[in-house]
Amino acid sequence: MIKVAITGAAGNLGGLLADAMKELDVNLNLLTYRRDVPDDLKQRSNINVFKVDLAEPETLPDALEGVDTIVHFAGILFKANPEKFLPVTNTRYFRNLLDVAVNQKVKRIILISFPHVEGECTPENPARGSLDGNPESMHARTRLEEEKLLFQYEKGYSFEAVSLRVGMVYGRGILMIDAAQWFARHWLLGVWRKPTYIHLISKTDFTDAVIAAIVKPDIRGIYHIGDEGMQTLQQFLDDITVYRKNHKPWRMPVWMIMTAARCFELFSAVFGTRSPLTVDFIKIGMVSYYGDTKRMREELLPHLKYKTYREGMELF
């Protein structure tokens, strides 16, 4: 029975993967920081929960002892001024994890990334697995640095390095989707006018792809994780809000959206709350992203349950 460690297991996507794997024939080490995982996970005999701090490498060895594969989600989102903390939390903390992982002889390390790291990419010119991108947003730049670090470590140590560049995961229970519906319900959801391509993947197919990356042999390198749909962010938001009988997003000038983001960040910084919108989110969101999923289809997930978000509307 293999042993899998999930960092950020109390987070949105990390928790989704943990829940999808809880009944599989695997041992799970769920690594958390401040938040806890649900009781139904803690009560299972094949699951152990570890409180760790990636800023303090000495908290990691017990959680990674005997682990075959790490899936790395952990990170900070929805906080003001990401430009100040992401170079630390996305790079230095990941290096700490890698250092302990190689000492514990972990066999495979999977980084959850996204196609934005290659910069602007569209269905006609998709991201193909390059590490030479020059993205504008700090989220994408620091994630690209994580990818480079991962493959640099692979050259010096005997483990399989995997980057899963995941499109937008959709479905009820996904924080960004639920937040968009909340804003739409209150007539507050806005989006810029310029059409922006996005690559999507249902939460069901997302977890299936990640599980395949964990359990299949000889998996290494960069995989783009997405469905077969081709759509813009504007089309997607229009359709999912109407489906839930909420108001379509307003088409707004960019300066107005940026002003709202700065207000959210200021409130977050002053009162120590989450910031559902930041300027860097807007920067990354305005860049079209679409990945070449050929490797995913050949090696991880040849058959999707939901080929497009229109087939997956029941998930909303």
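In the predicted model, Arg244 touches Arg172, Gln181 and Phe316, residues up to four places away in sequence being left aside, where a contact means heavy atoms within 4.5 Å. The side chain of Arg244 reaches the backbone oxygen of Phe316 at 2.9 Å. Arg244 is placed in the loop between α8 (233-243) and β13 (250-252), and with a relative accessible area of 30% Arg244 is partly exposed, a class that lies between buried (under 20% relative accessible area) and exposed (over 50%), for a 1.4 Å probe and protein chains only.

The model is predicted, so that local features need pLDDT of at least 70 and side-chain atom pairs count only at pLDDT 80 or more, whereas totals for chains, interfaces and linings use all residues. Residues are numbered from 1 along each chain as its sequence is written, and side-chain values use heavy atoms, with hydrogens and water left out.

The largest nonpolar core (buried Ala, Val, Leu, Ile, Met, Phe, Trp, Tyr and Cys residues joined through side-chain atoms within 4.5 Å) has 65 residues, of which Leu164, Phe236 and Leu300 touch the most other members. The most is given to this core by helix α7 (residues 203-215), with 7 residues, helices being DSSP runs of H or I with at least four residues, and strands runs of E with at least two, numbered from the N terminus. Apart from this core lies another, of 26 residues, including Val52, Val102, Ile109 and Leu150. Between Val52 and Arg244 the separation is 192 residues in sequence and 39 Å in space, C-alpha to C-alpha.

Terms used
Polar contact = N/O pair within 3.5 Å; in protein donor to acceptor, adjacent residues only side chain to side chain.
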